Amino acid sequence: MFSSTGFSKANAYRQVGVQSGIENASPHMLIQMLFDGLFQSLRAARGAMDRGDVEEKGQQISKAVRILQEGLVLGLDMEKGGELSGNLKLLYDYAVKQLTTANLNNDASLVDEVLDVLQPVADGWKEIGSQVDARGG
């Protein structure tokens, strides 16, 4: 199958690919990548809860919270974004609160709720990107 050396090389190539993707991404694409990572972590946390894997659940929820706090919240331009940025910050703060409670109480319904609440925001963001791409900039 895979040797540990081969696995390490595969991880190294993947890291380079991720790094290259980040370096070449537009600011809009970076936010989209954050949403993709957020949803991947939330789905992994949900799966871990179903399997009773407490350690994995905690790691994935922690990763999701970091993406929310250190990526999406810090990416908001509160000055130029006005009310929309303020509302998104409140939504992201709410998601962090729900995920913290989900982790403490092992409540998968709260993870589902965060997925349901944030999916329309991510979909809207993705739609804006296709409009920007269509205009050529």
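Long-range contacts carry much of the count in this predicted model: of the contacts between residues at least 6 apart in sequence, 61% join residues at least 24 apart. The chain that makes them is built from helices, five in number, with zero strands. Read from the N terminus on, that gives the plain order α-α-α-α-α.

As for what is hidden and what is on show, buried residues account for 31% of the 137 residues in the chain. The accessible surface of the chain adds up to about 8,900 Å², and carbon and sulfur atoms hold 55% of that area.

Next comes the second largest pocket. Its space runs to about 370 Å³, and 16 residues line it. Nearest the centre of this pocket sit Leu76, Leu84, Ser85, Leu88 and Trp125. Sorted by class, the lining comprises 10 nonpolar residues, four polar ones and two charged ones. Three helices each put at least two residues into the lining of this pocket, namely H2 (27–51), H4 (78–105) and H5 (108–135). The top contributor to the lining is H4, which supplies six residues.

One of the residues nearest the pocket centre, Ser85, deserves a closer look. Serine 85 is part of helix H4. With a relative accessible area of 7%, serine 85 falls under the 20% cut-off and therefore counts as buried. Once its neighbours within four places in sequence are set aside, serine 85 is in contact with Leu76, Asp77 and Met78. Leu76 thus turns up twice, as a contact of serine 85 and as one of the residues nearest the centre of the second largest pocket.

A second residue worth a stop is histidine 28, which belongs to helix H2. Its relative accessible area is 18%, so histidine 28 also counts as buried, the limit being under 20%. Leaving out neighbours within four places in sequence, the contacts of histidine 28 are with Trp125, Ile128 and Gly129. Trp125 links this residue back to the pocket: it touches histidine 28 and is listed among the residues nearest the pocket centre. The helix of histidine 28, H2, is likewise one of the three that each give at least two residues to the lining.

Definitions and conventions:
Residues numbered from 1 in each chain as written. Predicted model: local features only at pLDDT ≥ 70, side-chain atom pairs only at ≥ 80, totals over all residues. Heavy atoms only, no water. Helix = DSSP H or I, 4+ residues; strand = E, 2+ residues; numbered from the N terminus. Buried < 20%, exposed > 50% of the residue type's maximum accessible area, 1.4 Å probe, protein only. Contact = heavy atoms within 4.5 Å. Areas by Shrake-Rupley, 256 points an atom, 1.4 Å probe, with all protein chains shown as cover. 1 Å grid on protein atoms, 1.4 Å probe; cavity = no way out; pocket = protein on both sides within 12 Å on 5 of 7 lines; lining within 4 Å. Points joined across faces, edges and corners; volume = space filled by probe spheres on them. Nonpolar A, V, L, I, M, F, W, Y, C, P; charged D, E, K, R; others polar.
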